[in-house]
Each structure stands twice: as structure tokens, then as C-alpha cells.
Amino acid sequence: MLKSVMLGVLMAGTIRVAAQDTLLIQGASPDLYLTHSVKKGETWYSLGRAYGLSPKEIAARNKMDMATGLSLGKAVLIPLNKNNFVQTKSAGAGVRPVYHRVAEKETLYRIHVNYGKVPLDNVRDWNRLTGDGVQKDAFLIVGYVKGSGQSAVLPTAPVPAPADVAAAPAPKPAETKPQPVPQETRPVVSSSQTAAPESKPKSQAPAPESKPVTPPSQPAAPETRPVEKAPTSLGRTPEVPEGGFESSYNQQTGNGRDVTKEKGPGSWFKSNAVVGSGKYYALHNAAPRGTIVKVTNPLNGRSVYAKVLDAIPQLKANANLIIKLSDAAMDALGTNEGRFYCELSYEDVK
């Protein structure tokens, strides 16, 4: 009786801690959201960075004007949509798990339906489930939210926690260990003796491994070359130089002396360019194809160098744009806005 009471107290404590530390999802698909309590110093822009969304989207969801600012302790709804909510099995880096608290008589299939038909195999894998059974009040990962937020989260496998607590009483009846303990300690000593010969083959194993390590380093070089040619967002990208486009920009502009400058709004287009490679691509109406354009974000001083592929298509969505960059440059410029203010400099073509 005492053990069952202790178990109940431990489980209740685990649930309370989980509720405080998790990003708990609310609503039903397609209107899913999180609730964030505003802390000291937070702004619309810091919330946007924390949850991978445009500040305007968050303000619109809360029917508020960004000009009014945020008050300490205010509950702000953070929408979860295709821009910041990930439900693929491999979520990647820079994401945090989002949890659902299991209700009474709720099934794994019902959770799958309520959260955008998230694949059942993904839910099982994220939560280390072996079947379809779920426990009331358990916290299950149902996806991941992007952003740089610092909110505390549970480990990636919170569900086994109650199981671990329940398993804890099981070894307690083994308090009669005095009988097996002296017997077990003796074979343990013998196992340590068997461990010695095992360490010998292990010490021999690294020797042959160190030899084949050198030949793979040779084919690794050609593998990096096709990767450099791969970032061809439109399939017309000429061969790119080593180390990004900055050196080409310096050659074209005489180290920045002979340049044309522009200021205005920019935007993005989707590409398969490699993030962080320093090799980005652009659409621009004035600079000839192959020109390297230096793009600067005046809000933080960050810059990238992008090679012009073609002119900007004459579409309504592209009105007034001075450049469109491949989306791989977003992190380098430190912005996730659909449109952003930027400064350009490139070879003077007059």
C-alpha cells in the first residue's frame, strides 16, 4: 500500500514538471498554436526569432498592432504552420519538440488525426513507443518547432519516464541481495579478467582501421566538387570558384573601388544551394549574368556574395524588388522576412 502511494506521488510530480517544462501544443489541425508568456525584454522580433515566424504573423494571430509593443506576462499565441512546424522523422537542427498531453481514453490514432495526420511511425519513433498504447497524462512529441528560443524542454523521450518510475519499485524486493551479492561479486572479478583479453583485440582493431582511413580521404575530394556544382537553383549555374564568390567580386570591382550601388527591398527564391557554403545565387535586372553582387543587411551589417543567374521575372509578386536571393543566404544575412531591406554593390557596368 505504501509503495503504491509513493508511486502515485512520484508520477504526479513528474506530470507537474513536464507541464511546466514542455512546449504544449493547443488547438486542432489546421489551427494549431503554442501559448507564450512574455518575459522581460522580449519584443515582437525576438518572438519571431524564437519561434521561426515573421513577427507580423504572430501579431496577426493575436489581433494586435506591432506598434503597441508587448506587456510583461501577457499570453501570446504562437501559430504553428508550414513555416515553423516540422513533422518529418528527421527534424534536423535548430528545432525544439512540441508535446501533446494524452487525455483519458485517447488513442494514438486520434492523436495522429488531430495533429495534421502526423505519421504514426514518426510518433512511435520520437517517443520510443513499441506499439499503439498510450497512457493518460503522458506527454508525447507530435512535431518540432523551428527557431532559436531558449525555453526549457523535456528530453526527446519523455514517455518512458513514468515507466522508469514504475520499474523502480521492482528491484526493491531484491533487498535480500546479501545472498547473491557475495556470489555475484566473485564472477564479476572473473569477468574483469576476461575483459583483459577483449581489450587486446580492440587495441588491434584500430590499427587496421587507421590504414583504410587514408584511402577514403582521396575519394572525398571528388565528392566535394559535385556538391559545389549542385547548388544550381535554376540549372544554369556556371562552375563556381573555390571558397565562395568574394574573391570574384574583388576581381570584378577592383577590390570594391569601381562599383554601382543600390538600396531597396529584396526577396527569396527556393534553391538547392548549400547553406553556409558562401556560394549563393541571385536574380537581378541590371547586372549581367555572372556578375557577383555583394548584398548587405544594414540592420546587422552582415553581407553575402551572390552570382547573378538571370533577370527577375516580371510578376506582380516581384514588383519593386531590386534583387531575389537563393534561400540558402537567409541564415547568412540573419533574417527570415519574406521581404527585407538591403544594400547592393556590384561591378560598374557603365
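## Two nonpolar cores

In this predicted model, the largest nonpolar core brings together 35 residues, and I25, L34, Y51 and L80 have the most contacts inside it. Strand 7 (residues 139–146) supplies the largest share of this core, with 6 residues. There is also a second, separate core of 30 residues, which includes F245, L283, L321 and I322.

Let's pick out L34. Leaving aside residues up to four places away in sequence, L34 touches a list of residues that includes I25, Y51 and L80, along with V76, L77 and I78.

## A three-stranded sheet

Strands of a sheet pair through backbone hydrogen bonds, and they can run parallel or antiparallel. Here you can find an open sheet of 3 strands in the order 2-3-4, with antiparallel pairing. Strand 2 (26–28) and strand 4 (75–80) each have a single partner strand, so they stand at the edges and one side of each is left without a neighbour in the sheet. From one strand to the next, the twist averages 20°.

Strand 3 (residues 31–37) pairs with strand 4 over 6 bridges. Which residue in strand 4 is the bridge partner of Y33? That partner is P79. Y33 also has R61 lying over its face, at 5.1 Å from the ring centre.

## Aromatic pairs

The whole structure holds 4 aromatic pairs. One of them is formed by Y249 and Y305: the pair is tilted, with 5.2 Å centre to centre and 55° between the planes. Y249 sits in helix 9 (residues 246–253) and Y305 in strand 11 (residues 302–310), so this pair links parts of the chain 56 residues apart.

Are these two rings' residues buried or exposed? Y249 is buried, because its relative accessible area of 6% is under 20%. Y305 is buried too, with a value of 14%.

Terms used
Residues are numbered from 1 along each chain as its sequence is written. This is a predicted model: local features need pLDDT of at least 70, side-chain atom pairs count only at pLDDT 80 or more; totals for chains, interfaces and linings use all residues. Side-chain values use heavy atoms; hydrogens and water are left out. Two strands pair if DSSP finds at least two bridges between them. Helices (H or I, at least four residues) and strands (E, at least two) are DSSP runs, numbered from the N terminus. Axes are lines fitted to C-alpha atoms, for helices over the stretch in contact, and angles run from 0 to 180 degrees between N-to-C directions. A nonpolar core is a set of buried Ala, Val, Leu, Ile, Met, Phe, Trp, Tyr and Cys residues joined through side-chain atoms within 4.5 Å. Buried means under 20% relative accessible area, exposed over 50%, partly exposed in between (1.4 Å probe, protein chains only). Contact means heavy atoms within 4.5 Å. Rings of Phe, Tyr and Trp (its six-membered ring) pair if their centres lie within 6.5 Å; planes under 30 degrees apart count as stacked, over 60 as edge-to-face and the rest as tilted. A charge sits over a ring if NZ of Lys or CZ of Arg is within 6 Å of the ring centre and within 35 degrees of the ring normal.
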